[in-house]
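My notebook is open and the model is on the screen. I'll jot down what I look up, one topic at a time.

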Amino acid sequence: MSLRTNPWAFSPWGTTSSGWLAFAGANVSGSGANRAIRLDSTYTYSDVNTLRRYSVGDFITSGLAWTRPVHMEGAQIRSDFSMRPDLVTFPMPAFVGSAAVPSTVDILVDGNVVASSPVAAGPFETPQLPVMSGAGTVSMTVTNALGQQVTMTQPFYASSALLPPGLQTFSAGAGLVRRNWGAASSDYGKMAGSADYRRGLTTKFTVEGSVEGTPGAVLGGGGGVAQIGSLGVINFAGAVSSGSGHPGAEISAGAQRIGRVFSLGASAILANRDFRDVAAMNGDGSLRKQLSGFSSLSFRRFGSAGLAYAGDDQDAPPIFTIANTVSAQHSKILSASYSLQFRHMSIYASEFRNYGGTGESNGLQAGLTIPFHRRSSVDAGATSDGNGQVHVQRSAAEIGDWGYQGYISAGTTNHAFGEVEYKSPVGLFIAGIDSNAGQTTLRMESQGAISFADGSIFPSNTINDSFGIVDTSPMPHVHVFQENIGVGKTNSSCRLLVPDMRSFDLNHIAIATTDVPADAAVVLSSREIRPQDRSGVVVKFPIQFDHGALLRLVDEGGIPLPLGSTATLGGTSAVVPVGYDGDAYVENLGSHNRLTVERADGKRCTVVFDYRSVPGDIPSIGPLRCVEQER
C-alpha cells in the first residue's frame with residue numbers, strides 16, 4: 001500500500017508545504033518494512049507587485065536551453081510572470097498606417113478577424129495583436145465611410161523564446177544539491193549556487209547569461225536568441241568552466257521555424273572532456289554531445305507527418321560517490337509519426353529506431369481512437385513485435401459522474417485490468433482488478449483533499465492550485481457555478497468548497513438565484529475572484545430576507561388609492577410608490593407597522609396593520625383602509 005500526501009498552509013505572508021510518499025506492506029521495495037520518503041518541503045512568498053517569487057527549502061534551479069537544472073535545498077529568488085496572466089511575454093506584430101478620413105480598421109490573422117476598431121483621420125498604430133506563436137500572415141483592411149477599402153498584408157513570426165524590449169527575467173539560488181529525490185529523504189551533495197538572466201534588447205533579439213558554481217567547478221556563459229525576419233529564430237551560447245585542472249568549454253546553437261503547414265528545427269550542444277557543471281559534480285553524467293532535430297508537415301485534411309531525432313552522449317560522473325550509480329550514456333533515436341483525423345476517428349502510426357546503447361532496436365506501432373458519447377473513447381493498437389491492446393474508458397469529469405476503464409493486451413505478455421470510478425463531492429474513488437502474468441490483484445484508490453479554512457473543515461476533490469469557499473449564509477442548499485459549470489451546492493452550513501480555481505487569474509463564480517425563496521433578496525448573484533497561488537479565499541454571496549409584503553391600499557370609501565401616490569414606512573422612513581389598483585410592495589416590515597400615504601393631490605392618510613412573515617412566500621395583505629389625516 002502506498003500513500004502520497006502534500007499538506008500545506010497559507011497566509012498573507014506566504015505558503016508552506018511538505019510532500020511525503022509512504023509505503024506499507026511486506027512487498028515494499030528494499031527492506032520490505034514500512035517507510036516514508038520526504039519529497040519537497042518549501043516556504044514560498046509571491047510578490048505580485050514585483051512579479052518575484054521567494055522560496056526557502058526544496059526547489060529546482062531555473063535553466064536555459066544550454067544549462068542543466070538541478071534539485072537543491074536552500075533559498076531561491078526568481079521572476080514569475082504567472083502572477084500576471086494578462087501579461088504578454090514575447091513580442092507580437094503591430095501595424096502602422098494612415099487614414100485620410102475617419103475609417104474602420106479590421107485586422108485578420110491567417111484569415112480570421114482578431115480586432116476591429118474605428119480610427120480618426122491621420123496616422124494610427126494597432127495595438128499588439130492576439131496571435132499565436134509561429135509563422136503566419138497578418139492583413140489590415142482600412143474601410144472609410146464610402147465603403148472604399150485598402151488592404152495591406154505582411155508575414156510575421158512570433159516566438160515565446162524572445163522577450164519584448166525592456167522585459168527581463170532572472171533567477172538566483174543557493175544551497176545543498178539534493179540527490180535521489182523520490183528515493184531518499186535526505187541525500188545531499190555539495191553546496192552550490194546558480195543564477196541566470198534574460199532581457200529583451202529589441203523586438204528581435206534577447207540576450208541571456210548564466211553562472212553556477214560548486215566545490216570543484218565554476219561555470220559562466222552567455223548567449224542570445226535572435227529572430228531572422230519572418231523565417232524563424234536562432235539561438236547560440238557559449239560557456240566555460242574551471243576547476244577540473246584544465247578549462248572546459250561548451251558551445252550551443254540551434255534554429256527553428258514553427259509554421260501552420262511546415263515546421264523545422266535543430267539544435268546542438270557540444271562540450272569537451274574537461275567541461276564541468278553543478279550536475280556533473282553531484283552525481284550526474286558529464287554532457288559531451290547533444291543533438292536534436294524535428295520536422296513536421298501538415299497535409300490538411302489528409303493528416304500530418306513528423307520526423308524527430310535525439311542523440312545524447314554523456315560520460316560517467318567525474319566524482320564517484322557511494323550513491324552514484326550513473327554510468328556513461330549513449331543514445332541515438334530516430335522516430336517518425338503520422339496521424340489522420342477522419343470524422344470523429346483518429347488514426348495514428350509511429351516508428352522508432354534506436355542506434356545507441358549496446359545494440360540496435362526498432363519498433364512500429366499503429367492504432368486508432370474512436371470517441372463515443374460525451375466522455376468515452378476506445379483505443380485499439382498493435383505493434384510490430386506481435387503485441388496488441390484495446391483500451392476503453394469513460395472519464396468522471398464532474399461531481400456525480402461515474403467512469404470506467406478496461407484494458408486488455410495479448411502477445412508476448414497477457415495483461416488485463418478493469419476499474420470503475422466515482423467522483424463525489426468529497427473525492428474520487430476508484431476500485432478495480434488487475435491480471436498480469438498469471439497474478440491477479442485487487443486495487444482500491446481514493447484521491448481527495450481535506451482543508452481547514454474559515455473555521456471549518458472541508459473534504460473535497462484534489463486541490464492542485466487555489467480554492468474558494470462559497471458562503472450563501474443564511475440560505476443553505478444553493479447551487480454554485482464556476483465558469484457557468486455546476487460544481488455543487490452549499491451544505492447545511494451554507495458553504496461549499498470549489499477546488500479548481502486558477503491562481504492570479506479571474507475566476508467567475510455564480511449562484512442559482514432560483515434556489516433563493518421569493519422573500520429573500522440576493523445582493524450579488526455572481527462575483528469575479530482572483531486568488532493567490534495555493535491559497536483559499538472566502539466568496540460571500542449575501543442573502544437577505546426582506547420581510548416584505550404586497551399591500552393593497554384603499555381609501556375610506558374602499559376605492560384603491562390613485563396611481564402616483566407614495567407610501568412612507570414609519571421606523572425605516574422607506575418610501576415606495578403606489579401602483580395600479582392601490583398595490584404597494586413594502587420591505588423590512590415589523591410585527592406592527594404604520595404607513596403614511598401622500599396622494600398626488602397632496603392629501604395624506606395613514607394605514608396601521610400587523611405583519612407575520614411566511615417563509616418562502618411574499619404575503620398579500622389587504623385591502624387596507626387608509627384613514628385620512630385631519631389638517
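**R495.** I looked up whether R495 is buried or exposed. R495 has a relative accessible area of 17%, so R495 counts as buried, because buried means under 20% relative accessible area, exposed over 50% and partly exposed in between (1.4 Å probe, protein chains only). R495 is found in strand β36 (residues 495-501). A note on naming: strands (E, at least two residues) and helices (H or I, at least four) are DSSP runs, numbered from the N terminus.

**What I'm looking at.** This is a predicted model, where local features need pLDDT of at least 70 and side-chain atom pairs count only at pLDDT 80 or more, while totals for chains, interfaces and linings use all residues. Residues are numbered from 1 along each chain as its sequence is written, and side-chain values use heavy atoms, with hydrogens and water left out.

**Who touches R495?** Leaving aside neighbours within four places in sequence, R495 is in contact (heavy atoms within 4.5 Å) with D454, S456, F458, I469, V470, D471 and T490. With S456 I found a polar contact, side chain to side chain, at 2.9 Å. The cut-off for a polar contact is a pair of N or O atoms within 3.5 Å; within protein, one must be able to donate a hydrogen and the other to accept it, and residues adjacent in sequence count only if both atoms are side-chain atoms.

**The hairpin.** S456 led me to β32, where S456 is the bridge partner of A453. Strands β31 (residues 449-453) and β32 (residues 456-460) run antiparallel and are joined by five bridges; two strands pair if DSSP finds at least two bridges between them. They form a hairpin with two residues between them, and D454 in the turn has a positive phi of about 55 degrees.

**A sheet.** Next I looked up an open sheet of four strands, with the order β9-β8-β11-β12 and antiparallel pairing. At its edges are β9 (112-119) and β12 (149-158), each pairing on one side only. Seven bridges join β8 (residues 103-109) to β9, and V109 stands opposite N112 in β9. My textbook reminder: strands of a sheet pair through backbone hydrogen bonds.

**Disulfide.** How many disulfides does a search of the whole structure find? One: C605 is joined to C626, S to S 1.8 Å (the cut-off is a pair of cysteine sulfur atoms within 2.5 Å). The pair links distant parts of the chain, 21 residues apart, with C605 in strand β47 (residues 604-610) and C626 in the loop between β48 (620-625) and β49 (627-628). The link is right-handed, with 100 degrees about the S-S bond. Both ends are buried: C605 at 5% relative accessibility and C626 at 2%.

**Cores.** A nonpolar core is a set of buried Ala, Val, Leu, Ile, Met, Phe, Trp, Tyr and Cys residues joined through side-chain atoms within 4.5 Å. The largest one has 20 residues, and L551, L553, L595 and F609 have the most contacts inside it. Among the elements giving two or more residues to this core are β42 (549-554), β46 (592-598) and β47. Not counting residues up to four places away in sequence, L595 touches C605 and F609, among others.

**N436.** Last stop: N436, in strand β29 (residues 427-436). N436 is partly exposed, with a relative accessible area of 34%. Beyond four places in sequence, N436 is in contact with N414 and H415.
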